[in-house]
Amino acid sequence: MIITDTHTHIYSESFAEDQDQMMERAIKKGVTRFFVPAIDSSYTDDMYDVESRYPEHVFLMMGLHPTHVKENFKQELSHVEEELAKRFTKDSHKKFYAVGEIGIDLYWDKTFLKQQQEAFRYQIRLAKKYKLPIVIHCRDAFEEIFEVLESEKEDSLFGIFHCFTGTIEDAHRAIGYNMKLGIGGVVTFKNGKIDRFLDQIPLDDIVLETDSPYLAPTPYRGKRNESSYVINVLDKLSEVYQKPAEEIAAITTKNSKDIFGV
């Protein structure tokens, strides 16, 4: 059984003491594909390092996280564009598999909303240029996200709505923009709500994720998350969809291959 974690920050400081052991635990459980989103330029070297140590398992994205859109966001966007360009030359043996994570986050601070919108739109256009999927971060910003997606909508725009926590109406809208729904630990929460309607969403529109080290599923809620815990998400989806875990794993891994091309 091959299981794919489509969103994990395995280079996080939270894994500084046991990154190799964390990876080993996940791989032993069948989690052999790790898709790794960017945050900002300060993490780029750490991302490259983990990629070099796990070349058969780790697949990188490049982007500017919305909570890191600050006064210097144009400088950070230049870094994103430069790194993308480096890996899309004829001589490069490595590539990025998505532009992400990008989007809008209004949970903590709305000060940089306009800059977040500008950065989101700019990075969508980079994804189109390089024919890459986007991986969207959305927190308290569904309408703002959908407004940008509507203005950029075309067949070449596709990707994943990471850590989906919206309503069924939001789910259908996201899918309408060629987005898969990234389902993680929230689906296991008693108050997570998405488990109430998820079985109405075709499995072909779902991918698995952890967002580790954040949002650990039950029974680890409140503790550090890690990629091996995607098994708990898989088991919950098996319960929701009334299908064997092996079938869920196969479908969601196929979906990840359709998105990322690998």
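The following exercises, with worked solutions, concern a predicted model of a protein chain.

**Exercise 1.** Determine whether the radius of gyration of the protein chain agrees or disagrees with that of a compact globule.

*Solution.* The chain has 262 residues, for which a compact globule would have a radius of gyration near 18 Å. The protein chain has 17 Å, and therefore the value agrees with the expectation. The C-alpha trace spans about 45 × 40 × 35 Å along its principal axes. Of the 262 residues, 58% count as buried. Among contacts with a separation of 6 or more, 72% come from residues 24 or more positions apart.

**Exercise 2.** Identify the residues with the most contacts inside the largest nonpolar core, and the helix that gives the most to this core.

*Solution.* The largest nonpolar core has 76 residues, and those with the most contacts inside it are Leu149, Phe161, Leu181, Ile183 and Ile201. Helix H7, residues 230–241, gives the most to this core, with seven residues. A second, separate core has ten residues, including Phe59, Val135, Ile259 and Phe260. To examine one residue of the largest core, take Leu149: beyond four places in sequence, Leu149 touches Phe120, Ile124, Ile134, Ile136, Leu157, Phe161 and Tyr177.

**Exercise 3.** Establish which side chain of opposite charge is nearest to Asp5, and which side chain makes a polar contact with the side chain of Asp5.

*Solution.* Asp5 lies in strand E1, residues 3–5, and is buried. The nearest side chain of opposite charge is that of Arg33, 10 Å away. A salt bridge requires the charged atoms to be within 4 Å, and Asp5 has none. The side chain of Asp5 does make a polar contact with the side chain of Ser227, at 2.7 Å. Beyond four places in sequence, the residues in contact with Asp5 include Val31, Phe34, Leu208 and Thr210.

Notes: Residues are numbered from 1 along each chain as its sequence is written. This is a predicted model: local features need pLDDT of at least 70, side-chain atom pairs count only at pLDDT 80 or more; totals for chains, interfaces and linings use all residues. Side-chain values use heavy atoms; hydrogens and water are left out. A nonpolar core is a set of buried Ala, Val, Leu, Ile, Met, Phe, Trp, Tyr and Cys residues joined through side-chain atoms within 4.5 Å. Buried means under 20% relative accessible area, exposed over 50%, partly exposed in between (1.4 Å probe, protein chains only). Helices (H or I, at least four residues) and strands (E, at least two) are DSSP runs, numbered from the N terminus. Contact means heavy atoms within 4.5 Å. Lys and Arg count as positive and Asp and Glu as negative; His and the chain ends are not counted. A polar contact is a pair of N or O atoms within 3.5 Å; within protein, one must be able to donate a hydrogen and the other to accept it, and residues adjacent in sequence count only if both atoms are side-chain atoms. The radius of gyration is taken over C-alpha atoms; the globule rule is 2.2 Å times the number of residues to the power 0.38.
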